[in-house]
Amino acid sequence: MTETPFNAESEFDNQLDRLVQIGYPALAGLTENAFRDLVAPLRARAVEGTAGLPAPTDARVPFVLVITRDLIGVPERVALTTLAGKRKPGVVDRHYADDDLPRFDPIKELEVPAGPAYLLFDVDRGEEFRNLAPATAMEGITAQGRLPLSIDEGLAFITLHPAALASNRCFSLVGSRCGDKRVPALWISQGAPKLGWCWYGNPHTWLGSASARPERIGLD
């Protein structure tokens, strides 16, 4: 049987429909049409940026539409994540202190575009880095000419492709740091996604480190 070619336009539309369906416009204080119009300029860029990339799998996808904390806060977006085929909403780990999350900024190497939304390409959950400390994984990611994911990017990944987060297939988000040795991570707890943190120097058998191509395409 011939495999259906990957269609970036349809994938962009599906991702946008998903965000609308789960309530992103209301959280952003926008009408559905205004939200769609906001990100519409990225549709053509998604097609350009995915030329030659394979169709999505559970572990790796050609692109994700990232909505940033400039538009919707992290806890609000975590609460709209679910595991594949499940309904239980995601949670933020209690070990994050009050007002802790805003301190986790994207590292400068990511060169994250300013604004409420952008595209991230060739996103991988980093299974090969399981049981490696984020510090070691970071060396491997950069050796591949790639960069780690931030919190915003990790949330986009599992929101739009829930199957990316699975048992023993969870991942660190080394692209967000706050100046100490903590590294944010997404894992599964009590049947739902959880945004927690681990230590930069500690490995976990069930935790890889997600990465993507370096370029991030914004609205400007």
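## A first walk through the fold

The protein chain exposes about 10,200 Å², and carbon and sulfur atoms supply 51% of that area; accessible areas come from the Shrake-Rupley method with a 1.4 Å probe, and for residues only the protein chains shown count as cover. This is a predicted model, in which local features need pLDDT of at least 70 and side-chain atom pairs count only at pLDDT 80 or more, while totals for chains, interfaces and linings use all residues. Residues are numbered from 1 along each chain as its sequence is written, and side-chain values use heavy atoms, with hydrogens and water left out.

**The chain as a whole**

Seven helices and twelve strands make up the secondary structure of the protein chain. Here helices (H or I, at least four residues) and strands (E, at least two) are DSSP runs, numbered from the N terminus. Along its principal axes the C-alpha trace spans about 40 × 40 × 35 Å. The radius of gyration of the protein chain is 16 Å, which agrees with the value near 17 Å for a compact globule of 220 residues. That radius is taken over C-alpha atoms, and the globule rule is 2.2 Å times the number of residues to the power 0.38.

Of the 220 residues, 50% are buried, where buried means under 20% relative accessible area, exposed over 50% and partly exposed in between (1.4 Å probe, protein chains only). Among contacts with a separation of 6 or more, 75% join residues 24 or more positions apart; a contact means heavy atoms within 4.5 Å.

**An open sheet of five strands**

Which order do the five strands of the open sheet follow? They run β2-β9-β8-β6-β10, with mixed pairing. The edge strands are β2 (91-92) and β10 (207-209), each pairing on one side only. Two strands count as paired if DSSP finds at least two bridges between them. The table lists some pairings, including one from outside this group, between β1 and β4.

| Strands | Sense | Bridges |
|---|---|---|
| β6 (170-172) and β8 | antiparallel | two |
| β8 and β9 (192-199) | antiparallel | eight |
| β6 and β10 | parallel | three |
| β1 and β4 (117-124) | antiparallel | seven |

β8 is mostly covered, with six of its eight residues buried. Its Leu186 is the bridge partner of Phe171, and Trp187 stands opposite Lys194 in β9. β8 and β9 form a hairpin with two residues between them, and Gln190 in the turn has a positive phi of about 55°. On the parallel side, Cys170 has Leu207 in β10 as its bridge partner.

**Other covered elements**

Is helix α7 (residues 151-160) mostly covered or mostly open? Helix α7 is mostly covered, and ten of its ten residues are buried, among them Asp152, Glu153 and Phe157. Strand β1 (residues 60-67) is mostly covered too, with seven of its eight residues buried. Its Val66 has Tyr118 in β4 as bridge partner.

**A closer look at Cys178**

Cys178 lies in the loop between β7 (176-177) and β8 (182-189). Why does Cys178 count as buried? Cys178 counts as buried because its relative accessible area is 13%. Leaving aside neighbours within four places in sequence, Cys178 is in contact with Arg103 and Phe104. Leu219 is 41 residues from Cys178 along the chain, and their C-alpha atoms are separated by 26 Å.
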